[in-house]
Amino acid sequence: MNTKIRYAGLCLLAVVALYTGIWAYFSPAGWYANFPGLGLSWLPQLGPYNEHLAKDAGAMFLALAVLTIITLRSVHNTRLVQTTGAVWLVFNVLHFSYHVQHLDMYNTRDQVLNVVFLAALVLVAALLLVPALPARRDDTR
């Protein structure tokens with residue numbers, strides 16, 4: 001995998017982690033009532049609001065953001081990129097698995113959006129496990 005793809009994947013994961021983490025930690029009730037935003041609301045259907053759980057989710061996403069940002073600064077370090085990808089993959093596979101088992105509480109649009117977005121995060125994390133391509137040499141002789 002080339003560095004640009006690694007960088008793009010890490011940037012996407014960092015944005016997701018910061019967006020979710022900051023919102024959930026610093027405005028847990030607002031996050032619970034309005035996540036993912038843009039007029040959608042996916043959390044109230046999952047059960048009653050719990051400030052502790054919401055803040056813990058925010059803290060976890062902020063921790064993932066820190067790891068991902070550190071990795072962005074060392075995008076050429078294959079071991080660090082793959083470790084970050086593995087951490088995100090564990091979370092995203094388990095998160096995706098839960099949600100696909102509980103789609104019945106959403107309308108069709110929200111079911112599709114849940115599957116598409118959560119599956120995309122699984123794929124981005126898995127992509128980070130692919131080893132870096134060896135550097136190309138210019139053979140212009």
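Here are three short exercises on this predicted model, each with a worked solution.

**Exercise 1. Backbone oddities around strand 1**

Find which residues a cis peptide bond joins, then work out where Leu-38 lies and whether Leu-38 is buried or exposed.

*Solution.*
- Start with the peptide bonds: most are trans, and most residues other than glycine have a negative phi.
- Now check omega: a value of about 15° marks the cis bond joining Phe-35 and Pro-36. Pro-36 sits in strand 1, residues 36-37.
- Move on to Leu-38, which isn't a glycine yet has a positive phi of about 55°. Leu-38 belongs to the loop between strand 1 and strand 2 (40-41).
- Last, look at accessibility: exposed means over 50%, and Leu-38 has a relative accessible area of 88%, so it counts as exposed.

**Exercise 2. How helix 3 begins and how far it reaches**

Identify what caps the N-terminal end of helix 3, and compare the helix's reach with the expected value.

*Solution.*
- Begin at the cap: a side-chain oxygen of Asn-50 lies 3.0 Å from the backbone nitrogen of His-52.
- Next, take the 22 residues of helix 3 (51-72): first C-alpha to last is 31 Å, close to the 32 Å expected at 1.5 Å a residue.

**Exercise 3. The buried face of helix 3**

Work out which residues of helix 3 are buried, why they line one face, and what covers them.

*Solution.*
- List the buried ones: Ala-54, Gly-58, Phe-61, Leu-64, Ala-65, Thr-68, Thr-71 and Leu-72.
- Look down the axis of helix 3: these buried residues fall within an arc of 135°, so they line one face.
- Recall the general pattern: with 3.6 residues a turn in an α-helix, residues three or four places apart point the same way.
- Finally, see what covers the buried residues of helix 3: the cover includes helix 1 (3-26), helix 2 (28-34) and helix 4 (78-100).

Methods. Residues are numbered from 1 along each chain as its sequence is written. This is a predicted model: local features need pLDDT of at least 70, side-chain atom pairs count only at pLDDT 80 or more; totals for chains, interfaces and linings use all residues. Side-chain values use heavy atoms; hydrogens and water are left out. Helices (H or I, at least four residues) and strands (E, at least two) are DSSP runs, numbered from the N terminus. Buried means under 20% relative accessible area, exposed over 50%, partly exposed in between (1.4 Å probe, protein chains only). The expected span of a helix is 1.5 Å times one less than its number of residues. The arc is that of the directions from the helix axis to the C-beta atoms. Contact means heavy atoms within 4.5 Å. A polar contact is a pair of N or O atoms within 3.5 Å; within protein, one must be able to donate a hydrogen and the other to accept it, and residues adjacent in sequence count only if both atoms are side-chain atoms.
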